[in-house]
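Here are my notes for you on this one. Keep the viewer open and find each residue as you read.

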Amino acid sequence: MDAAEAVETIQREMTVFARRARASAGRMHPELSLVSYTLLGHLETSGGCRATDLAAHYALDKSTVSRQVTALERSGLVERHPDPEDHRVQVVMLTSEGRRILARVTESRRAAFGERLADWPEEDLRRFAGYLERYNAWSGPRTAPPPQPSPGP
């Protein structure tokens with residue numbers, strides 16, 4: 001397999017991975033989409049943050065994050081608090097119910113991954129983890145996009 005074929009295989013397999021992740025997220029908690037799960041996870045790790053920070057972290061449109069946060073707030077999984085440093089800004093934080101749901105879904109996901117990877121040698125697991133971290137650490141093109149053709153006269 002040459003490099004182009006390898007890239008094509010990676011793209012195809014990452015697509016399958018993403019589809020399965022979305023499907024399993026819905027089965028683990030029907031009201032918790034994969035996007036919601038990742039947002040809750042970030043809120044837990046960060047201790048709370050602004051919706052704009054969530055949008056920037058996940059490279060999502062602000063309106064998408066706003067809709068997700070509103071839905072999570074209606075479900076009682078997050079709440080907004082004034083930022084202690086700037087009262088004009090609101091910080092989104094997990095509620096106790098949000099922590100409970102997140103912990104339950106995380107445990108289910110961890111068990112599912114553990115089952116799927118149970119037969120992998122430890123060295124393969126370490127290498128795979130390293131490759132995923134390296135892939136996800138990429139921050140975008142290093143060069144400017146090609147110039148667009150100028151409109152004709």
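The points below go through the core, the salt bridges and the pocket.

1. A quick reminder before you start: what you are looking at is a predicted model. Residue numbers run from 1 along the chain as its sequence is written.

2. Let's begin with the core. The largest nonpolar core has 18 residues, and those touching the most other members are Leu32, Leu40, Leu43, Leu54 and Val78. Try colouring these five and see how they sit together.

3. Where do the core residues come from? Helix 2 (34–46), helix 3 (51–58), helix 4 (62–74), strand 2 (86–94) and helix 5 (96–117) each put in at least two. Helix 2 gives the most, with four residues.

4. Now zoom in on Leu43, one of the core residues that touch the most other members. If you skip its neighbours within four places in sequence, Leu43 is in contact with Gly48, Cys49, Leu54, Val78, Val92 and Leu94. Two of those names, Leu54 and Val78, should ring a bell from the core list.

5. On to the charged side chains. How many salt bridges turn up in a search of the whole structure? The search finds nine. The next three points each pick out one to look at.

6. Asp86 pairs with Arg88, and their closest N and O atoms are 2.9 Å apart. How open is each partner to the outside? Asp86 is partly exposed, at a relative accessible area of 23%, while Arg88 is exposed, at 74%. Exposed means over 50%, so Arg88 clears that mark.

7. Helix 5 holds another pair: Arg100 forms a salt bridge with Glu97, with 2.7 Å between the closest N and O atoms. Why can these two line up along the helix? They are three residues apart in helix 5, so about one helical turn separates Arg100 from Glu97. Both count as partly exposed, Arg100 at 43% relative accessibility and Glu97 at 31%.

8. Helix 6 (residues 122–137) has a similar story, because Glu122 and Arg126 are four residues apart there, about one helical turn. Their side chains meet in a salt bridge of 2.6 Å, N to O. Glu122 counts as exposed, at 55% relative accessibility. There is also a third member to find: Glu122, Glu123 and Arg126 are linked in a network of salt bridges.

9. Next, the empty space. Rolling a probe the size of a water molecule over the atoms shows where such space is left. The largest pocket holds about 2,100 Å³. Of the 39 residues that line this pocket, Phe17, Ala21, Arg109, Phe113 and Leu132 are the closest to its centre.

10. Which helix supplies the largest share of the pocket lining? That is helix 1, with 13 residues. Helix 1 (3–28), helix 2, helix 3, helix 5 and helix 6 each supply at least two. Sorted by class, the lining has 24 nonpolar, six polar and nine charged residues.

11. One last pair to try with the distance tool. Ser24 lies in helix 1 and counts as buried, at 14% relative accessibility. Ser24 and Arg109 are 85 residues apart in sequence, yet their C-alpha atoms are 8.3 Å apart in space. You have already met Arg109, among the residues closest to the centre of the largest pocket.

Technical notes
Predicted model: local features only at pLDDT ≥ 70, side-chain atom pairs only at ≥ 80, totals over all residues. Heavy atoms only, no water. Core = buried A, V, L, I, M, F, W, Y, C linked by side-chain atoms within 4.5 Å. Buried < 20%, exposed > 50% of the residue type's maximum accessible area, 1.4 Å probe, protein only. Contact = heavy atoms within 4.5 Å. Salt bridge = Lys/Arg side-chain N within 4 Å of Asp/Glu carboxyl O. 1 Å grid on protein atoms, 1.4 Å probe; cavity = no way out; pocket = protein on both sides within 12 Å on 5 of 7 lines; lining within 4 Å. Points joined across faces, edges and corners; volume = space filled by probe spheres on them. Nonpolar A, V, L, I, M, F, W, Y, C, P; charged D, E, K, R; others polar.
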